[in-house]
Every structure is written in structure tokens, then in C-alpha cells.
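Me: Hi! I have a structure open and would love some help walking through it. Could we take it piece by piece?

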Amino acid sequence: MASKIFGGANLSEIARSARQREDASGGRADRTQPGRPVLAAAELALTGRVVPALERENIFSVDARRCRAWAHHNRTAAWYTRDRCQDLIESIAKDGQQEPAVARKLAGDPNFDYELIYGMRRRFACEFLNAKLKLRVIEADDARAAVLMHIENADRQDITPMERALSFQSQLEAKIFPTQDALSDAIGLTKGQVSKLVKAATLMRQGTISQLFPDKSTVPVDAAYKLATLWDRPGAKEVILKAAQNLLQKERAGRSPADLLKALIASLDRSRKFDPVQRHYNVGAAGRVIVTRNARGKVTLAFPEGLVNVEKSAVFVAIEQIMKDLI
């Protein structure tokens, strides 16, 4: 079965795209367009072909405590607990570390010697076991590092869409990729997919809303994107922030991230103001209904003569007309 990246792209398709671009440019990545140089790194990760910028690499066994995460790593801090790394702890204790992490050498940092492009769970497990961490040390710029990390984690079910979204947002803010288009081109996702992920991630930067989700990895992207879109409507920001503050103070306990987002979205409906309405409608030949809507949008139907002598079909016709008039 073909391996899939988040968003549906085949990893083999990325490699094929990279090869086509190299062939078209005489065997060299196109360095005149932002984001394009990383495609050679994508091909290297998939096929093992060597490019000059990455051909110098060595594997070392190092003190895990001397390794820090790359600033744009796509795992959140919530992962680094014994419970969430127990599988690796047991595996490394039994069979040793099977796959090295990938890192770049640091200079001028008194606390760390390497930064991990990927492999932070391996780092945690090794530190927990007081074991050396195996590293593949490479030379790669940030753009290549982003692609290598994306490909390494593409098929990992434990990397959530929101974690990828936050990583993409971080890379764009740091100008690793100058535009969303350049990012989408480099990692093999469509522009629409990248745009949706980044917009959803922006919501997690809004103070009070951010506090609602201590573990942002669990936040569903679709609901976050919907709320982020509603956020742009006139007056919506104030309503959503007030609802978030209420949830933070007294109503958050026991609610899932999806439920919290649903409550924030619903707060906009509750805040809407409606013109009060009272109208009379005929129901068939013998009945009538009085329709009342208050300023909060609540609609009440009253049948003064009851429904005993009214055809059911006539009631449905009247309700259909009421809905057309009020919605």
C-alpha cells in the first residue's frame, strides 16, 4: 500500500516530483524559487540519493540531556511523559535504539550540543533509561530540516493535524518558507490544505482561547478552522473571547477540546439579536397559528383553536411557510 502524507499525498509522488524537477534543471534543484531547494532533501529521505548539502553525516552516541528540540519541531511538550513514551522506553530497554534521531550540531550554546530535527521521544526514552542517544548528525538548512521532519512523521498516527498545523505556522512566522505557497510546494500538500491548517493554528495563539487547551495536540483542526473563520466576522472576536473566559473560569472541567470549540462556536448564535416578531398564519381552512419570536431568537408556535380539527398536511404547509419567512 502506498504511504500517505497527512492530506492524502503519496510519499512516492513527492520523490517523483523532486526527480522531475532535477531532470528539468540538469540535475540540480531550482534555487531561484523559494522553497524549491528542499525537494532534493525530500528525495534523499525517500530514496537515499545523495546531495552535496547533506552528504556529510555521521552517527554518534551522545548524552540525551545535551540535545534540545529544533525550534520548529512538530511535537508538543505534552508528549514527553513516561506514559506517552512507555512504548519506546520498553523497546529501547529490551532491544536498544533501532533508529537514530536526526540532529544538527550546535555552536555557542553552553547547555546543548545538538538540536533534534526529529527524534524527541527517543531522546526522552534514552534520558529516562540513562542511555546514550544515537544521532545521525547532518548539515541542513531550516527548509530542508522542515521537509525531513515532515516526511519522517508523515505516517505516524500519533502526530496530530494540529501539531502539524502549529509547526507549519511556526515555520512561516520564522520565514523558513516565505509564503504558504512555498511551504505547500516543499512538503507536497495542496495550498488549500496548508491554508486551512495555518488558519486553525492561529486560533491557538489567542490568549484566553489558548489557555483553554493546555494540550493543543488534541484540538481538532476542522472545528478550530471553523471558529477561526467565524472569528473574522464583525463583533465575533469579543463574543468568542467572553465565552472562552466563562469556560476557563467555571465550565471547562471534564469537557473535551471538541466540546469546548463547539461551545465557543455556539456562543455566536446565542449572542445574535433578532427583531421581535408576532405573526398569524392560517392552518388549512379551520385553524390558525400565532408565531412569536423574541429578541434572543426563540420562536414559539401557539394554536388557539388546537389541532383536533386540522389536517396534519396543513400544519406542515404552515410550518414550511413560517420557516421561509423567519430564516
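Reply: Happy to. One term before we start: contact means heavy atoms within 4.5 Å. Also keep in mind that this is a predicted model.

Me: Good to know. Which strands does α4 lie across?

Reply: Helix α4 lies across β2, β3 (101-105), β4 and β5 (133-137). Its direction is at about 125° to β4.

Me: And what about α5, which strands does that one lie across?

Reply: Helix α5, residues 142-153, lies across β3 and β4. It runs at about 50° to β4.

Me: What's the strand order in that sheet?

Reply: The order is β1-β5-β3-β4-β2, in an open sheet of five strands with mixed pairing. At the edges are β1 (58-62) and β2 (67-69), each of which pairs on one side only. Direction ignored, neighbouring strands are turned by 45° against each other on average.

Me: Remind me, what do strands pair through?

Reply: Backbone hydrogen bonds, and the pairing can be either parallel or antiparallel.

Me: So do β2 and β4 run parallel or antiparallel?

Reply: Parallel, with three bridges joining β2 to β4 (residues 114-118). One pair to look for is Ala69 with its bridge partner Leu116 in β4.

Me: Back to α4. At what angle does α3 pack with it?

Reply: About 60°, with the axes of α3 (residues 86-95) and α4 (residues 120-129) 9 Å apart. That angle makes α3 oblique to α4. The crossing of these two helices is right-handed.

Me: Which residues meet there?

Reply: From α3 you have Asp87, Leu88, Ile89, Ile92 and Ala93. They meet Arg121, Arg122, Phe124, Ala125, Cys126, Phe128 and Leu129 of α4. By class, the contact of α3 with α4 has nine nonpolar residues, three charged and no polar ones.

Me: Moving along the chain, how do α6 and α7 pack?

Reply: Helix α6 (residues 161-173) packs with α7 (residues 180-187) at an angle of about 125°, and their axes are 10 Å apart. The two are therefore oblique to each other. Their crossing is right-handed. On the α6 side, the contact is made by Phe168, Gln171 and Leu172, and α7 brings Gln180, Leu183 and Ile187.

Me: What classes are those residues in?

Reply: The contact of α6 with α7 has four nonpolar and two polar residues, with no charged ones.

Me: I clicked on Ala201. Is it buried or exposed?

Reply: Ala201 counts as buried because its relative accessibility is 0%, and anything under 20% falls in that class. This residue sits in helix α8, residues 191-203.

Me: What is it in contact with, beyond its sequence neighbours?

Reply: Leaving aside neighbours within four places in sequence, Ala201 is in contact with Met162, Ala165, Leu166 and Gln169. Pro161 is 40 residues away along the chain, with a distance of 9.8 Å between its C-alpha atom and that of Ala201.

Me: Last topic: which strands form a hairpin?

Reply: That would be β6 and β7, with three residues between them. Gly284 in the turn has a positive phi of about 70°. Strands β6 (residues 277-283) and β7 run antiparallel and are joined by seven bridges. Val277, for instance, has Arg293 in β7 as its bridge partner.

Me: How many residues of β7 are buried?

Reply: Five of the seven in β7 (residues 287-293), so-called mostly covered. Strand β7 also pairs with β8 (residues 299-302) in the antiparallel sense, over four bridges. There, Thr292 stands opposite Thr300 of β8.

Notes. Residues are numbered from 1 along each chain as its sequence is written. This is a predicted model: local features need pLDDT of at least 70, side-chain atom pairs count only at pLDDT 80 or more; totals for chains, interfaces and linings use all residues. Side-chain values use heavy atoms; hydrogens and water are left out. Axes are lines fitted to C-alpha atoms, for helices over the stretch in contact, and angles run from 0 to 180 degrees between N-to-C directions. Angles under 35 degrees count as roughly parallel, over 145 as roughly antiparallel, 65 to 115 as roughly perpendicular and the rest as oblique. A crossing is left-handed if the near helix is turned anticlockwise from the far one by less than a right angle, and right-handed if clockwise. Ala, Val, Leu, Ile, Met, Phe, Trp, Tyr, Cys and Pro count as nonpolar, Asp, Glu, Lys and Arg as charged, and the others, Gly among them, as polar. Two strands pair if DSSP finds at least two bridges between them. Buried means under 20% relative accessible area, exposed over 50%, partly exposed in between (1.4 Å probe, protein chains only).
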